[in-house]
Amino acid sequence: MEARFPSDWHARFIKDDAYNALAAADLAIVLQRHRHVETALLGKPMIVVYRLSPLTALLAKPLVRTSSSAW
């Protein structure tokens, strides 16, 4: 996962101390079913990530406008 971020970003991946990491963060990238409520209660901006099945992604593709590199 860490290799997917540009090297000039100041990103840290913390698994064991999630609450303190969220409290100290400027921005959080969270999975849809995990820490998004806690992140919202802390008042932190977040990017929520959803995992789709291949069939759902195929059906949704014509309905969503993204850059071609996203698919």
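Let me start with the surface, where Leu-27, Ile-29, Leu-31, Ile-47 and Val-49 form a nonpolar patch that has, taken together, about 430 Å² of accessible area. Two elements, β1 (28-31) and β2 (46-49), each give two or more residues to this patch. Please keep in mind throughout that what we are looking at is a predicted model.

How do these two strands pair? β1 and β2 run in the parallel sense and are joined over four bridges, and within that pairing Val-30 stands opposite Val-48 in β2.

Now to β1 itself, and to the question of which of its side chains are buried and which are not. In a regular strand the side chains alternate between the two faces of the sheet. Along β1 we see that alternation, with Ala-28 and Val-30 pointing to one face, where they are buried, and Ile-29 and Leu-31 pointing to the other, where they are not. Ile-29, which is found in strand β1, has a relative accessible area of 47%, and because exposed would require over 50% while buried would require under 20%, Ile-29 counts as partly exposed.

On the buried side, I would like to turn to Thr-39, whose place is in helix α2, residues 36-41. With a relative accessible area of 0%, Thr-39 is buried, since the cut-off for that class is under 20%. And what is Thr-39 in contact with, once its neighbours within four places in sequence are left aside? The list consists of Leu-22, Ala-28, Val-30, Lys-44 and Met-46, and it includes Ala-28 and Val-30, the two residues that point to the buried face of β1.

Technical notes: Residues numbered from 1 in each chain as written. Predicted model: local features only at pLDDT ≥ 70, side-chain atom pairs only at ≥ 80, totals over all residues. Heavy atoms only, no water. Patch = residues over 30% accessible without salt bridge, like charges linked within 9 Å, V, L, I, M, F, W, Y side chains within 5 Å. Areas by Shrake-Rupley, 256 points an atom, 1.4 Å probe, with all protein chains shown as cover. Salt bridge = Lys/Arg side-chain N within 4 Å of Asp/Glu carboxyl O. Buried < 20%, exposed > 50% of the residue type's maximum accessible area, 1.4 Å probe, protein only. Contact = heavy atoms within 4.5 Å. Pairing = 2+ DSSP bridges.
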